[in-house]
Amino acid sequence: MVVPAVTAMAANALGVLRGGLADLRPVPRVLVDQGPNRSLYRMTPSPDGDPVLLVPPLAAPALCFDLRRGCSLAEHLVDRGRRTYLVDYGTVAFSDRRLGIEHWIDEVLPRAIRKVSEDSGGRGVHLVAWCLGGLFSLLTTADRPDLPVQSITTVASPVDFTAIPLVAPFRPLVDLTGGYLLTPLYRMLGGAPSYVVERVFWATGINKQLTKPLAILQNLGDRDYLAQIEAVDHFMDNMIAYPGRTFGQMYHRFFRANDLVEGGLDLNGRIISLSGVKVSTLVIAGRNDTIAPRRAVERLVPLLENAPDVRFETAPGGHLGVLTGRRARDTTWRHIDAFLGDQVSD
């Protein structure tokens, strides 16, 4: 028993050094539509049935839904026989600095949703979204009741920003400066650069980063564990910038004013209320999430007062782990499967 274990550890160590344990091949897909900040893919094979559209957040790459073979929500949905689509925003350049939240909820998502429905024979679309993608999906659906949205699933999407420990220490300083602590900086940079976004994600898991070398040594015989670390590193290396105006709106409306906890969002006098969401919704929170802790996510449930069915679930994992961690396969994904299975086409 010792010899095979040592052999496996040696093989894994060699794989780690070569950076080749994780199968990072994307799920096969075809491009079905494209526009500004929008590439829409249909995963293959693509059976008939109600379509599922995977909606990523800004800043994080769309590969969050397709992290690696064996830990890919996109792969899981395809294997379950679901017609699966993914919208990818691509990279964000300095020239995109004037794009605001309106661009994503008025143009990008509505066009993607309509195209998915059209490509699926006019069927209603199930949105499955992570983090900010969940908030944008909710706002889009609330503001555009004519869209062919059949249900929404949000994973790690916070609405109460006062409940996020990460930002709490900065709030007194922000209040003291009248909210303009970051304004000159993000205006000068044209937004939040990708390397800043990456550092923030890294900082939220600093304890894991510091103990990472020891964890690798302790789990040298666990190939799946090591592959997951490699895949997460690949994800972190592909972070994307926030457009300047979008970042500014998030900073002032989400962080400073905490608009969403009151059930709506003020976009220069245009009020979008979450009470406008009138489709079944599943809300999932990560039990170990420091970016979107349970209290910040669960606060969404009573705000969806006109949704016919609102379910709340928790699952193990941090901000990324709850979506696509190794334990998500038997927790988060099962919640999504059960919820989608209960949605009946009109």
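User: Why is Asp342 called partly exposed?

Analyst: A residue is buried under 20% relative accessible area, exposed over 50%, and partly exposed in between (1.4 Å probe, protein chains only). Asp342 has a relative accessible area of 44%, and is therefore partly exposed. This is a predicted model, in which local features need pLDDT of at least 70 and side-chain atom pairs count only at pLDDT 80 or more, while totals for chains, interfaces and linings use all residues. Residues are numbered from 1 along each chain as its sequence is written, and side-chain values use heavy atoms, with hydrogens and water left out.

User: How do you know that Arg311 and Asp342 form a salt bridge?

Analyst: A salt bridge requires a side-chain nitrogen of Lys or Arg within 4 Å of a carboxyl oxygen of Asp or Glu. For Arg311 and Asp342 the N to O distance is 3.0 Å, and the pair meets the rule. Arg311 belongs to strand S12 (residues 310–315) and Asp342 to helix H14 (residues 332–342), so the salt bridge ties together parts 31 residues apart in sequence. In addition, Arg68, Asp224, Arg326 and Arg329 are joined into one network by salt bridges that share partners. The search of the whole structure gives 20 salt bridges.

User: What makes a stretch of the chain a helix or a strand?

Analyst: Both are DSSP runs, numbered from the N terminus: a helix is H or I over at least four residues, and a strand is E over at least two. On this basis the protein chain has 14 helices and twelve strands.

User: Which parts does the salt bridge of Asp143 and Arg270 tie together?

Analyst: The side chains of Asp143 and Arg270 meet at 2.4 Å, N to O, in a salt bridge. Asp143 is in helix H4 (residues 132–143) and Arg270 in strand S10 (residues 270–273), so the linked parts are 127 residues apart in sequence. Asp143, at 26% relative accessibility, is partly exposed, and Arg270, at 27%, is partly exposed as well.

User: How are Glu107 and Arg111 placed in helix H3?

Analyst: They are four residues apart in helix H3, which means a separation of about one helical turn. Their closest N and O atoms are 2.8 Å apart, and the two residues form a salt bridge. Glu107 is partly exposed at 34%, and Arg111 is partly exposed at 45%.

User: Why is Pro110 called buried?

Analyst: Pro110 has 3% relative accessibility, and therefore counts as buried. Pro110 lies in helix H3. Contact means heavy atoms within 4.5 Å. Leaving aside neighbours within four places in sequence, Pro110 is in contact with Trp104, Ile105, Thr140, Arg144 and Leu147. Pro110 and Thr140 are 30 residues apart in sequence, yet their C-alpha atoms are 7.2 Å apart in space.

User: What makes a set of residues a nonpolar core?

Analyst: The members are buried Ala, Val, Leu, Ile, Met, Phe, Trp, Tyr and Cys residues joined through side-chain atoms within 4.5 Å. The largest such core has 88 residues, of which Leu53, Leu54, Leu73, Trp130, Phe235 and Phe254 touch the most other members. Helix H3 (residues 101–119) contributes the most to this core, with eight residues. Not counting residues up to four places away in sequence, Leu53 touches several residues, including Leu40, Tyr85, Ala112, Ile113 and His126. In soluble globular proteins, nonpolar side chains tend to be buried together. Buried residues make up 54% of the 346 residues in the protein chain.

User: Why are Cys131 and Cys64 not joined by a bond?

Analyst: A disulfide is a pair of cysteine sulfur atoms within 2.5 Å. The sulfur of Cys131 is 9.2 Å from its closest cysteine sulfur, in Cys64, and is therefore too far for a bond. Cys64 is buried at 1%, and Cys131 is buried at 16%. The count is zero disulfides.

User: How do you know that strands S9 and S10 pair?

Analyst: Two strands pair if DSSP finds at least two bridges between them. Strand S9 (residues 264–267) and S10 have four bridges, in the antiparallel sense, and the condition is met. Asp266 stands opposite Ile271 in S10. The hairpin of S9 and S10 has two residues between the strands, and Asn268 takes a positive phi near 55 degrees there.
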